[in-house]
Amino acid sequence: MTARIAVLTVSDRASRGEYEDRGGPAIEAWLQRAVISEVEIIREIVPDGRDVVASAFRRWADEGGADLILATGGTGPSPRDLTPEAMEDVVERIFPGFGELMRAVSLREVPTAILSRQGAGTRGKTLIITLPGKPSAIATCLDAVFPAVPYCLDLMGAGWIETDPDVCKAFRPAK
């Protein structure tokens with residue numbers, strides 16, 4: 001089954017066309033390097049805000065058939081950064097290890113990584129991962145957590161993702 005991946009950029013300015021979306025393209029470029037199985041990638045830009053982001057998560061998980069949603073932006077400390085709260089509003093289960101690992105690897109690069117509030121959770125057969133907005137931080141975080149993503153999707157009964165082991169060695173237990 002071809003996996004469907006929604007890439008959601010959360011940014012007031014990018015949604016109004018005042019700022020170039022760099023986060024969404026960075027996620028898509030990372031996926032194109034790392035994923036070797038057939039996947040469908042859909043991109044959307046929405047403004048910051050708890051309700052609008054939660055609505056996008058629900059729409060992609062419930063109606064859009066997304067196996068994986070990768071959201072970028074809205075994870076910092078500014079008042080409009082409410083992506084983590086939006087995710088918590090829609091997920092059924094939270095997987096704190098994703099956020100813990102993303103912050104740990106990011107701290108090796110910048111001390112402000114402790115301000116980031118990335119995380120992950122599931123809604124039905126959809127895994128939602130919230131990422132920072134900076135392209136280099138996106139790559140750092142995906143490099144760290146994506147090895148667990150294909151097996152997580154397997155366990156959930158979601159779409160199949162195979163990775164290039166030279167880019168991202170996905171873990172699947174031996175049979």
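**Notes on a predicted model: ring pair, helix packing and a loop residue**

1. Start with phenylalanine 171. Its relative accessible area is 52%. The cut-off for exposed is over 50%, so phenylalanine 171 counts as exposed. Keep in mind that this is a predicted model.

2. Now look at its partner, tyrosine 151. Here the relative accessibility is 28%. That value makes tyrosine 151 partly exposed, because this class lies between the buried limit of 20% and the exposed limit of 50%.

3. How many aromatic pairs does the count give? The count comes to 2. One of them joins tyrosine 151 and phenylalanine 171. Their ring centres are 6.3 Å apart, and their planes stand at 90°. Planes over 60 degrees apart count as edge-to-face, so this pair is edge-to-face.

4. Where do the two rings sit in the chain? Tyrosine 151 belongs to helix H7, residues 149-156. Phenylalanine 171 lies in the segment after H7. The two are 20 residues apart, and the pair links distant parts of the chain.

5. Next, a helix pair. Helix H2 covers residues 23-34, and helix H6 covers residues 135-145. They pack at an angle of about 35°. Their axes are 9 Å apart. The crossing is right-handed. On the H2 side, the contact uses Gly23, Ala26, Ile27 and Trp30. On the H6 side, it uses Pro135, Ile138, Ala139, Leu142 and Asp143. What kinds of residue make up this contact? There are 7 nonpolar, 1 polar and 1 charged.

6. Stay with H6. Its buried residues are Ala137, Ile138, Thr140, Cys141, Leu142 and Val145. Ile138 and Leu142 also appear in the contact with H2. What covers the buried residues of H6? The cover includes H2, helix H5 (96-107) and H7. Strands S3 (68-72) and S6 (126-131) are also part of it.

7. Glutamate 38 is in the loop between H2 and strand S2 (39-46). Is glutamate 38 buried or exposed? Its relative accessible area is 62%, so glutamate 38 is exposed. Leaving out residues up to four places away in sequence, glutamate 38 touches Thr2 and Ala3. Aspartate 166 is 128 residues from glutamate 38 in sequence. In space, their C-alpha atoms are 18 Å apart.

8. Last, the record. An unreviewed UniProt entry lists residues 6-152 as "domain: MoaB/Mog". In the model, this span is 44% helix and 21% strand. The C-alpha atoms at its two ends lie 16 Å apart.

Key. Residues numbered from 1 in each chain as written. Predicted model: local features only at pLDDT ≥ 70, side-chain atom pairs only at ≥ 80, totals over all residues. Heavy atoms only, no water. UniProt positions renumbered as here; feature names shortened; annotations may be inferred. Helix = DSSP H or I, 4+ residues; strand = E, 2+ residues; numbered from the N terminus. Axes fitted to C-alpha atoms, helices over the stretch in contact; angles between N-to-C directions. Left-handed = near helix turned anticlockwise from the far one by under 90°. Contact = heavy atoms within 4.5 Å. Nonpolar A, V, L, I, M, F, W, Y, C, P; charged D, E, K, R; others polar. Phe/Tyr/Trp six-rings, centres within 6.5 Å; stacked < 30°, edge-to-face > 60°. Buried < 20%, exposed > 50% of the residue type's maximum accessible area, 1.4 Å probe, protein only.
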